[in-house]
Each structure stands twice: as structure tokens, then as C-alpha cells.
Amino acid sequence: MIDFLSAHAELIITLIKIALLMFIVLTVNAYLTWFERKVVAHMQSRWGPHRVGPHGLMQPLADGLKFLFKEDAMPAGVDKFVYLLAPLLALALALTSIGVIPFGPEPIRLLGHNIWLYIANPSIGLLVLFAITALGVYGVALAGWSSNSKYPLLGGLRSSAQMISYELSLTLSVVGVLLMANSFNLTEIINAQSHPAWGIGILGWNIFSGPFPQILGFFCFYIAAIAETNRVPFDLPEAESELVAGFHTEYSSFKFAMFFIAEYTSMITVSCLCTILFFGGWLSPFPQSWTFTYYLPSLLLVPTALWIIWDGIRYETIWGKLVLPVIGGGLLLVGIALAIPQLQFVNVFIQGPFWLLGKILVFLFVYVWLRGTLPRFRYDQLMAFGWKLLLPVSIANVVLTSFFVLWRSNP
Amino acid sequence: MVPTTYYIVLSAILFGLGVLAFLFKRNIITIFMSIELMLNAVNLAFVAFSQASGKLDGQLFVLFVIIVAAAEAAVGLGIVILIARNRQTLNVERVDLLKL
Amino acid sequence: MTAELLVFFLLAALSVAGAVSLIFQKHPIHSALSLIVVMVALAGLYLLMGAEFVAAVQIIVYGGAIMVLFVFVIMLLNAGLEEHTSESKLAGFPGILLALALMGFVATTLARSAGSFVSSATDGGKIVANLSSTRQLSTMIFKDFVYPFELTSFLILIAILGAIVLAQRES
């Protein structure tokens, strides 16, 4: 047993990492729904979920149980194999794409093994991600077709047309970043952004750094990525006012949940990609000489924790009075521990993931913000926008960036 | 390393299956798909030769084949839509007149 | 049997199974799905040979664009089950035999030439050490093969025009 473990250490470490990442991603997914409902609710002067658990924190769990125990209805006349394949395909592809994302610069050293914060780090990382995204269309298109019903079919048709159209801009908008980084590897793309002008970290990020700031590229990428994930304002495939629910009208119970999880997972992937490609990944926005920014995590955690404890004591229900102070106390302990000089190495290690996750959260918030603010596009507007505005702008971005990159290398 | 011959044999099998599909299928779209299958088989042979010779030319040809296949699919499917619109059928045997 | 050979046989079996299923499926969507399986398996084989960029392009362009177009057209035309018109069983039998003969002939001819390839590559031909280098591939496209590459862009332009003309409804 021990021999087997030591002989296949890499394999076992990878398997454990996959299990852990799946667990984290699914949990984050669940709480992303809670976050979205809360934020949209507050934008519309409502409270959002607040019945199950303090502040509705157990709502995702209740929803998950509901999905599991609901009746699994299959409409008559469906193509059974494709009908079952579609949600599986959507979920599997969405979860696979997370595995290529690097979450931190340094490995954890444990028992003589370097445990890196990614599952795979292929030299063509970005292309792998695009390949997986490209296959993601099938989940939606096949679900629409196999349901044998008119609204899903229209939803599926719309989504395949939309995703093919926006994939062009999505791919072209990152060419500028690739030209500046000289690599397809995500880690190398981040490292290429670590040489800022005047030592100010934020100026090294691709969106601000020379030779040509990728502001155009970023906007094209983000808009195209929102369209790829079928989110508001591009959620034409599931426009509820016209198509009932689009491609997943005929899906119920856990098969619907699979589409749901796939959508939220691809939101996370897109936020990761935005951060990595344009916003410096795990790099801090401050000058490298400012070592006191290392205490930022604890500086944020301690007041948040105190506020949660205070809020818990004031809470109406007995559950809130019990649970919230415990959560707050835990966070307070972590925050204090990070500031202790003896645990300095933990604090240094956590800097990369801290900035990466912070930026990812910002992009996830923007997703929700857009949903709370923008109305849906009309179908012809969507197509005209993709082909007549987004595509030319991203091509212009490629031309300009290549010109400036060439100019810098031999002026 | 897998011997190059294995790849070549696999490529020939896939090509043959593509030919069979081309002959046996009656739906225009499926016939078109079997052409894509044959192109894929040829691509496999190209990459295998590239690996055997240690040069990148084979991979480059594959890229060109893929570009041509994409252009061909765009025009071909346009023709398929036109046929379906004019004849109300996708069966090749019913598309037997030169005029519309 | 090495791990590499095992992976090869798995992917090869997958691709042949996909191709056979392309023939036997009655519905065009099922045929399209079988072809997608073939293409993904082939991308896996390219990875096995170290052709990373080609593998990625295979999935992005073939899997993500061309086959999506096929599925889209099948959905758009609402193509039903395939109908069989000519019921000539007699013609089918020699057809299969001839196809098998073609397979054997192509396989033997190509395999023989593959042997000569290996021997000619070692005697002084410029051998590229790194077959998975995307950088070298792009250098070749934009230096040695730049005219063919430019020609393909014209080809695509013509294809776009052709598709537009074909799809246009007469007013």
C-alpha cells in the first residue's frame, strides 16, 4: 500500500486535487446563486432569500435538496440518449475547463512534494480553454433539439447561432494579449505582466500596460464571454418572455440543475480568464516595495469578522445568534493568525490566491450587476452587434497591438 | 512511441469507412459528413508522417486542410439549405434533375 | 504494452467505433454526434503525437465550428430519419468488398512509404527537434508558407461570398 502510494504520488495528489477543486467549485456555485439572488434583490429594493438559515445562507442547500427530490419527468417523444447526454455534456465540459486555471504562483511543499495550485498546466492552456468552450455549444443545441418541443428547438437554434458568432470575437480579442505575452500558457501570460512601469503593479497589467493597453480587447472579450455563457443581456436562448425557458424548458429536477451548475461554473471560468488575461492574475496592484500591503487580507478579515459577530448577536432567530458568531469567530481567528509574524510564510503564500480570488469576485459581481440592470437584446440587435461592431473592433485591436508590439521590438 | 504504421493503418481504415458512408448514406448532410470523415483520416496520416519525418510540414498541411474544410462546409451547407428549400427533401435520389 | 500504446488503442477503437456508428445511425443528428466522437478521438491522437496546436485547432474548428454548423443545419431543416429508396442488396455486397480492398491498398501503400520516410529523415534532412512547438509552426506559416496562407484568406472570402449568395432569398 505504502509502496503503491509513493510510486504513484503524482497521480494520487492530482486525484485529491481534482476532488477538492470539484468540491470547492460546486460549493462556490451554490453560494453564487445565493449571492446573485441577494444582490439582485437589494438592487430591486427587496430582501431576497432570508427564511432558510440566517440571511438565507442555507437556501442553496435547500434548493439542492429540492432538485434532488423533485420528480424527474421525461416528456414523451424525446430522443432519450441525446436528451440525457446534453446536460451531462454541458456540466462535464464546464467543470473540465476550471482544471486549467492556475490559482497561485507558488506550490505548497508537503512531504517532499510540490503541490501546485492547478490540475494541469498545458503549454497551450488558453487554446485548451477555447477548445472546451467551443464544445460547450453542443450541450445547449442538443438539449434544444432532443426535447422534441418547439420552444426548446428555437432556443437551441438561437444559442448555436449566437455562440458561433460570438466565439469569433472572443478568440480574436485575446490575440492582443497573446502578442504581448508571447505564450499560450496561462502562468506565463500572468508572469509577462509582472514588469510594470515605475514599479507600480497595476501598470503592468495587460489592460493598462504598454505597448498598447488592451482596453478594447478587454471589453470585446468580456462582452463576448457574457454572450458565450448565455447570461443577461445575451440570454436569448432562454428568454422567458418569448421561449418559456428556451433550451431547458423540458428539463426538470437534477437534469435542470446540471444546466444551472454548468452556467454558473462557466461564469467562474470567464471571471478567472478575465483576471488572468487582462488584470494580472495573482499580481498585486501596488508597488512591490509596499510590503505592508501583505497585511491587507487580515485587515479586511478582522473588521468583516467583527461585523458578522455583531450582526449575529442582534439577529432575531436563535439559529442566527448561534451560527453567525461562530462563523465570525472563525474568520476573526484566521485574520489574526495571518498577522502573527510566526505565520509569516502562510501570509506570503496567501497573497497570490488572495488577489486572484478578489479580482474574480469583482467580475462575478459585475455579472450579477449586469443582470440587475440591463434589459435583454432583441435577436437581430444581438447578431448585428456581434458581427458589425464587436468583430471589427476586435480585429482592429489585433492590428493595432501587433503594430505597436513590432514598433517596440524594432523602432 | 507508437509506430507510425499503426497510425497509417488507422487512417486507412477511417478513410475506407468514410468511403463506405459516402456510398451507403442517402441523406445529403450525412454524405457531406462522410467527406469530412475522409478529410480527417487524411489529416491523421499527415500528422503521422510529420512525426515520422521529424518535420513540421505535415502539421502545416493539416492546418490548411482544416481551413479548406471550413470554407467547404460553409458553401456546402448553403447548397444543402437551398436544395432542401427547393425540393422539400434531403434524399439525394430525389435530387435528380438539373433544373430547379 | 506501454501506456502510450494503450492510449493509442483506446483512441483508435473510439474513432473507428464513431466512424462505424456514422454509417449505421439512421438519424442525421446521431451521425453528426458519431463524427464529433471521431474528431475528438483524433485530437487525442494528435496530442499523443505531440502536435498540440493541431489538436487544439482540430477541436476548435472541426468540433466547435464545422460540426456545430452541421448540427445547426440539421436542426434548422428539421431533418428526419433517413429514407432508403433503392433496395439493391446485391450492389451493397461488392461495395463493401471493394471498400475493404481500398482500405487494404491505401494502408499497405502508405505504410510502405512511411518506412521510407523514416529512413530519409535521418540522412541529413533538417530535423525539427520539437514537434509540439507552436512557435516554430507559426514561423513556418508566416515565413515559408506565407503565400499559400494569404491564398487561404482569399478562399475564405470567396466562401463567405458564396454562402451569402446561396442563402439569399430571391426578392
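These legends describe close-up views of a predicted model.

The model is predicted: local features need pLDDT of at least 70, side-chain atom pairs count only at pLDDT 80 or more, and totals for chains, interfaces and linings use all residues. Residues are numbered from 1 along each chain as its sequence is written, chains are lettered from A and ligands numbered from 1 in the order in which they are written, and side-chain values use heavy atoms, with hydrogens and water left out.

**View 1. A:E36 takes part in a salt-bridge network in chain A.** A salt bridge is a side-chain nitrogen of Lys or Arg within 4 Å of a carboxyl oxygen of Asp or Glu. The network links A:E36, A:R231, A:E263 and A:R371. A:R231 pairs with A:E36, with 2.7 Å between the closest N and O atoms. A:E36 belongs to helix α2 (residues 9-43) of chain A, while A:R231 sits in the loop between α10 (215-228) and α11 (240-243) of chain A, 195 residues apart. Helices (H or I, at least four residues) and strands (E, at least two) are DSSP runs, numbered from the N terminus. A:E36 also meets A:R371, again through a salt bridge, at 2.7 Å from N to O. A:R371 lies in helix α15 (residues 344-373) of chain A and A:E36 in helix α2, so this pair ties together parts 335 residues apart in sequence.

Are the partners buried or exposed? Buried means under 20% relative accessible area, exposed over 50%, and partly exposed in between (1.4 Å probe, protein chains only). A:R231 is buried at 4% relative accessibility. A:E36 is buried at 1%. A:R371 is partly exposed, with a relative accessible area of 40%.

**View 2. A:R231 also sits over a ring.** The charged end of A:R231 lies 5.5 Å from the ring centre of A:Y264. A charge sits over a ring if NZ of Lys or CZ of Arg is within 6 Å of the ring centre and within 35 degrees of the ring normal. A:K66 makes a contact of this kind with A:F67, at 5.3 Å from the ring centre.

**View 3. A:R37 and A:D63 form a salt bridge.** Their closest N and O atoms are 3.1 Å apart. A:R37 is in helix α2 of chain A and A:D63 is in helix α3 (residues 59-69) of chain A, so the bridge ties together parts that are 26 residues apart in sequence. A:R37 is partly exposed at 38% relative accessibility. Over all chains, the count comes to 5 salt bridges.

**View 4. An aromatic pair joins chain B and chain C.** Rings of Phe, Tyr and Trp (its six-membered ring) pair if their centres lie within 6.5 Å; planes under 30 degrees apart count as stacked, over 60 as edge-to-face and the rest as tilted. The structure holds 37 aromatic pairs over all chains. One of them is B:F32 with C:F70, edge-to-face, 5.2 Å centre to centre and 65 degrees between the planes. B:F32 is in helix α2 (residues 28-53) of chain B and C:F70 is in helix α3 (residues 52-77) of chain C, so the pair joins two chains. Both B:F32 and C:F70 are buried.

**View 5. Chain C contacts chain B and chain A.** Contact means heavy atoms within 4.5 Å. How many residues does each chain bring to the contact of chain C with chain B? Chain C gives 80 residues and chain B gives 73 residues. Buried area is the accessible area (1.4 Å probe) that two parts lose on being put together, summed over both. Between chain C and chain B, about 6,800 Å² is buried, and carbon and sulfur atoms give 80% of it. Between chain C and chain A, 22 residues of chain C meet 24 residues of chain A. Here the buried area is about 2,000 Å², with 78% from carbon and sulfur atoms. The rule finds 0 salt bridges between chain C and chain B. Between chain C and chain A the count is 0 salt bridges.

**View 6. Helix α5 of chain A is mostly covered.** It spans residues 125-135, and 9 of its 11 residues are buried. Among them are A:L126, A:L127, A:F130 and A:I132.

**View 7. Two non-glycine residues, A:S45 and A:N182, have positive phi.** A:S45 has a phi of about 55 degrees. A:S45 lies in the loop between α2 and α3 of chain A and is exposed at 70% relative accessible area. A:N182 has a phi of about 65 degrees. A:N182 is in the loop between α8 (175-181) and α9 (186-191) of chain A and is exposed at 52% relative accessibility.
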